[in-house]
Amino acid sequence: MTLSLESGAAAVGERRVRLKRAARRSAAFIGQMARNPLTAIGGAIILLLIVTALFAPWIAPYNPLIQDLNNALSPPDARHWFGTDEFGRDIFSRLVYGARITLYIVLLVSLTVGPLGLALGVTAGYFGDAVDKALMRITDIFISFPSLVLALAFVAALGPGLEHVVIAIALTAWPPIARLARAETLSLRQADFISAVRLQGASPLRVLWRHIVPLCLPSVIIRITMNMAGIILTAAGLGFLGLGAQPPQPEWGAMISSGRTYMMECWWVVTIPGLAILINSLAFNFLGDGLRDILDPRSE
């Protein structure tokens, strides 16, 4: 009984030590980010985007789908901070709900292309020979086409829709990550500690999962973060062409497309969504640059 109580207390103490270490590392990481003004600005904008998407029903003053033709194309004022569109819908409310669609696309694409590109890249780099040639030739085929053109082709084949946009962008965004993971693996597979692990009888799967993948993760995370700006722009481009979120969903690219007819007389209809795309794209680029400085020691 005494031994079980002592072991339980030891486990609790070890858990507390781990939590304290994690808290110190998190505080140090945040402190490093805060020392770079552009990284801090980018992180703050992204945090604001996430909060806006989570609390959209409480932040938006109007329903983004309800039309009010009597107030169509009203300029910004105290009632409608960013004005209204051609159907009298509040642009600020539509921007707020559009943040949900943007984050939905960015998160789903990132969660798809990250593991896929990492798995293919480390597999090609570690095994080499025929496996490397086969996987890299497939990667080269995808890279040879401009990403927006290839995404257009996939969406045209799958049909318009938000889910199809996610699939199309994911199919075009994984090759650069695979190439990066392969390059990292090629530089690691002949390292002394990898050779020592092999001599101890570790299987290739264990070597990849326990030793190579963790070392490739920082570079992959940096690349994914910097790719998020491109994901936003591609999604907005597809929405502008009518292939993304379908009306009346408040997608930023679709808002620009629907308001371009009135842009000369009513500048706010296209300027406000365009600024939202620009600011959030820059924020992800700033954050990616900061993560590169912190996570990649070779950038110093």
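# Exercises on pockets and surface

In this predicted model, Leu 54 is exposed, its relative accessible area being 54%.

**Exercise 1.** Classify Leu 54 and Thr 225 as buried or exposed.

*Solution.* Step 1: take the cut-offs, under 20% relative accessible area for buried and over 50% for exposed. Step 2: Leu 54 has a value of 54%, so Leu 54 is exposed. Step 3: Thr 225 has a relative accessibility of 7%, so Thr 225 is buried. Step 4: place both residues; Leu 54 lies in helix α2, and Thr 225 lies in helix α9.

**Exercise 2.** Find the nonpolar surface patch that contains Leu 54, and state which helix gives the most to this patch.

*Solution.* Step 1: list the members, which are Leu 47, Ile 50, Val 51, Leu 54, Phe 55, Trp 58 and Ile 59. Step 2: together they have about 700 Å² of accessible area. Step 3: assign the elements; α2 and α3 (56–59) each supply at least two residues. Step 4: α2 gives the most, with four residues.

**Exercise 3.** Describe the largest pocket by volume, lining and residue character.

*Solution.* Step 1: the volume is about 330 Å³. Step 2: 15 residues line the largest pocket, and those nearest its centre are Leu 48, Thr 52, Trp 252, Ala 276 and Asn 280. Step 3: the elements giving two or more residues to this lining are α2 (37–54), α4 (91–127) and α11 (268–295). Step 4: α11 gives the most, with five residues. Step 5: sort the lining by character, which yields 13 nonpolar residues, two polar and no charged.

**Exercise 4.** Repeat the description for the second largest pocket.

*Solution.* Step 1: the volume here is about 260 Å³. Step 2: the lining has 14 residues, with Ser 147, Thr 172, Ala 173, Pro 176 and Asn 227 closest to the centre. Step 3: α5 (129–143), α7 (162–188) and α9 (204–240) are the elements that give two or more residues to this lining. Step 4: by character, the lining of the second largest pocket holds eight nonpolar residues, five polar and one charged.

**Exercise 5.** Compare the separation of Thr 225 and Leu 287 in sequence with their separation in space.

*Solution.* Step 1: along the sequence, the two residues are 62 residues apart. Step 2: in space, the C-alpha to C-alpha distance between Thr 225 and Leu 287 is 7.3 Å. Step 3: recall from the first exercise that Thr 225 is buried, at 7% relative accessibility.

Key:
Residues numbered from 1 in each chain as written. Predicted model: local features only at pLDDT ≥ 70, side-chain atom pairs only at ≥ 80, totals over all residues. Heavy atoms only, no water. 1 Å grid on protein atoms, 1.4 Å probe; cavity = no way out; pocket = protein on both sides within 12 Å on 5 of 7 lines; lining within 4 Å. Points joined across faces, edges and corners; volume = space filled by probe spheres on them. Nonpolar A, V, L, I, M, F, W, Y, C, P; charged D, E, K, R; others polar. Patch = residues over 30% accessible without salt bridge, like charges linked within 9 Å, V, L, I, M, F, W, Y side chains within 5 Å. Areas by Shrake-Rupley, 256 points an atom, 1.4 Å probe, with all protein chains shown as cover. Salt bridge = Lys/Arg side-chain N within 4 Å of Asp/Glu carboxyl O. Buried < 20%, exposed > 50% of the residue type's maximum accessible area, 1.4 Å probe, protein only.
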